[in-house]
Amino acid sequence: MNSKKVNLVFLISIILYVLCAFGIGYFLPEMTNNLVFANLICEVAILAPGLLFVLFSKEKFGEFMGFSKMKIGTVLAIIPFTMFTSPVITLFNLITQFFVENTAVNMMSDFNMAEMSFGQMFFTIAIFAPFCEEAACRGVYYRGYKKSGSAFWAMMLSALLFGLVHMNVNQAVYAFAMGILAVLLVEATGSLWSSVLYHGLINGSQVVLMYVMLKADPQVYTEAAAEPITAEMLVYVIAAYLAIAAVCLPLGWALLVWMGEHEGRYGMLRQVWEDRKKRARLISIPLIMAVIICIVMMMIP
């Protein structure tokens, strides 16, 4: 897999994603309100093309994707790493709300979340989605781009694609930040499982929080209850999270460095930064076409 093939894979994935998103409403109208079904279909559309390209290439699947073992201490360290880096992801989420609505909250108000089982939601959001998106973005995309010779630009572009696949500005911005952190985690640990766990912990905590809030107030995510936060209140919340992130992010970085040293890969973290000076030809026509489709989808109300 090289950058040209990755770009073609991304274009095919985006086309499939869009076809699935519109096809569900057209061919299976009874499933349009089933968030679990819609998520499963769209996640498969994101991952399937990349998996097929890798399987039919000369690459060794497990080696290319990076499904390597980690030491138990590294696995445990991912939990506090997630806690320390979550505030900066939330910060980007809040900043975008000056310009666009909170997509996750709007999605919850569009569906009757109280009627969906916790098990179904947890599986599709905290297990299946993280595996598919990490295998695609940190597996196929990042590792394919990395073959260009610059891990830094591979990280930046794969994080951008990770943001774009969410098809809305709100999630795209904080997903981009999360994508960078996930790549650094993969390089520190040497395993794609680390980013799958990281992604799963973030998504899983949101599912748990959602159901705790639903337990306290079943109407919390109804259209009437989910009123957007005021600009004045948003400023105060952003200021608070800015302070929290300023304290937590260095602690997260310290843990990342520790994991790199624990796995004997600290040099790989340094290499990512040093590779920023290298030129990498990663852009091609299929990528431009895919980005245009994503931007158009983001503009559709």
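**A nonpolar patch and the overall fold**

Modeller: On the surface of this predicted model, Phe-22, Ile-283, Ile-285, Ile-288, Met-289, Ile-292, Val-296 and Ile-300 form a nonpolar patch whose accessible area (Shrake-Rupley method, 1.4 Å probe, only the protein chains shown as cover) comes to about 780 Å² together. Residues are numbered from 1 along each chain as written, and side-chain values use heavy atoms, without hydrogens and water. Local features need pLDDT of at least 70 and side-chain atom pairs 80 or more, while totals for chains, interfaces and linings use all residues.

Colleague: What makes these residues a patch?

Modeller: Patch members have over 30% relative accessible area and no salt bridge, with nonpolar side chains joined within 5 Å and like charges within 9 Å; a salt bridge is a Lys or Arg side-chain nitrogen within 4 Å of an Asp or Glu carboxyl oxygen.

Colleague: Which helix gives the largest share of the patch, and where does Ile-283 sit?

Modeller: Helix H12 (residues 285-299) supplies five residues, whereas Ile-283 lies in the loop between helix H11 (266-274) and H12.

Colleague: Why is Ile-283 called exposed?

Modeller: Its relative accessibility is 59%, and exposed means over 50% (buried is under 20%, partly exposed in between), so Ile-283 counts as exposed.

Colleague: What share of the 301 residues is buried, and how many helices are there?

Modeller: Of these residues 47% count as buried, and the protein has 12 helices (DSSP runs H or I of at least four residues) and zero strands (E, at least two).

Colleague: How do you know how compact the protein is?

Modeller: Its radius of gyration, taken over C-alpha atoms, is 19 Å, close to the 19 Å from the globule rule (2.2 Å times the number of residues to the power 0.38), so the protein is as compact as a globular protein of that length.

Note on methods. Buried < 20%, exposed > 50% of the residue type's maximum accessible area, 1.4 Å probe, protein only.
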